[in-house]
Amino acid sequence: MIKRILSVVLAILLMTCCIPTMAADYNDFLKNINVIPGNFLADEQNVTRAEFAYMVASVVAGRELEASDTRFSDVSKSDIGSGHIEFLANLGIINGYGDTFAPDNPITRQDAAVIVYRALKNEDIILNGSAD
């Protein structure tokens, strides 16, 4: 059941990054399931790489993550989501661009799809073909 819920939430995250007008519509839902804090997603704004990483890491970790130093030169410990970004990097779900992550760039559909795929693979949802 947990894997099924994870799959649904990650699919919603993938939709929110691709259709900016949908992002704000999901604020309450994502906040209620502890994926985002407050009104994290703005109306008519593209979801950034840092925001997407924050949401995916919250789903995969199943808990709030503490701020941390990261391997990326453009993400400092004081940045929102630094712990989330490093968490995903440690799992091999995100790689960045060499020593940078470009956290403020809009997430592309391709990058979002790769991140969701890797998150599902990390949770063994894709490899065993099961969603239970």
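Contact here means heavy atoms within 4.5 Å. The model is predicted. By that contact cut-off, D111 touches R49 and Y97, leaving aside residues up to four places away in sequence.

**Overall fold**

The chain has six helices and zero strands. Along the sequence the pattern reads α-α-α-α-α-α. The chain holds 132 residues, and 40% of them are buried. Among contacts with a separation of 6 or more, 59% join residues 24 or more positions apart. The exposed area of the chain is about 7,000 Å². Carbon and sulfur atoms supply 51% of that area.

**Two acidic positions**

D111 sits in helix α6, which spans residues 109-122. E86 sits in helix α5, which spans residues 82-91. Is E86 buried or exposed? E86 has a relative accessible area of 12%, and buried means under 20%, so E86 is buried. D111 comes out at 22% relative accessibility; the partly exposed class lies between 20% and 50%, so D111 is partly exposed.

| Residue | Helix | Relative accessible area |
|---|---|---|
| D111 | α6 (residues 109-122) | 22%, partly exposed |
| E86 | α5 (residues 82-91) | 12%, buried |

Contacts of E86 come next. Which residues does E86 touch, not counting those up to four places away in sequence? They are S68, D69, T70 and R71.

For D111, one further pair is on record in the geometry. I94 lies 17 residues from D111 in sequence. Their C-alpha atoms are 9.0 Å apart in space.

**The second largest pocket**

Rolling a probe the size of a water molecule over the atoms shows where empty space is left. The second largest pocket has about 150 Å³ of space. D111 is one of the residues that line this pocket. Both contacts of D111 named above, R49 and Y97, also belong to the lining. I94 lines the pocket as well. The rest of the lining is I93, N95, G96, F101, V114, I115 and R118.

Which helix gives the largest share of this lining? Helix α6 does, with four residues. D111 lies in this helix.

How do the lining residues divide by type? Six are nonpolar, two are polar and three are charged. Asp and Arg count as charged, so D111, R49 and R118 fall in the charged group. Gly counts as polar, so G96 falls in the polar group.

Key: Residues numbered from 1 in each chain as written. Predicted model: local features only at pLDDT ≥ 70, side-chain atom pairs only at ≥ 80, totals over all residues. Heavy atoms only, no water. Helix = DSSP H or I, 4+ residues; strand = E, 2+ residues; numbered from the N terminus. Buried < 20%, exposed > 50% of the residue type's maximum accessible area, 1.4 Å probe, protein only. 1 Å grid on protein atoms, 1.4 Å probe; cavity = no way out; pocket = protein on both sides within 12 Å on 5 of 7 lines; lining within 4 Å. Points joined across faces, edges and corners; volume = space filled by probe spheres on them. Areas by Shrake-Rupley, 256 points an atom, 1.4 Å probe, with all protein chains shown as cover.
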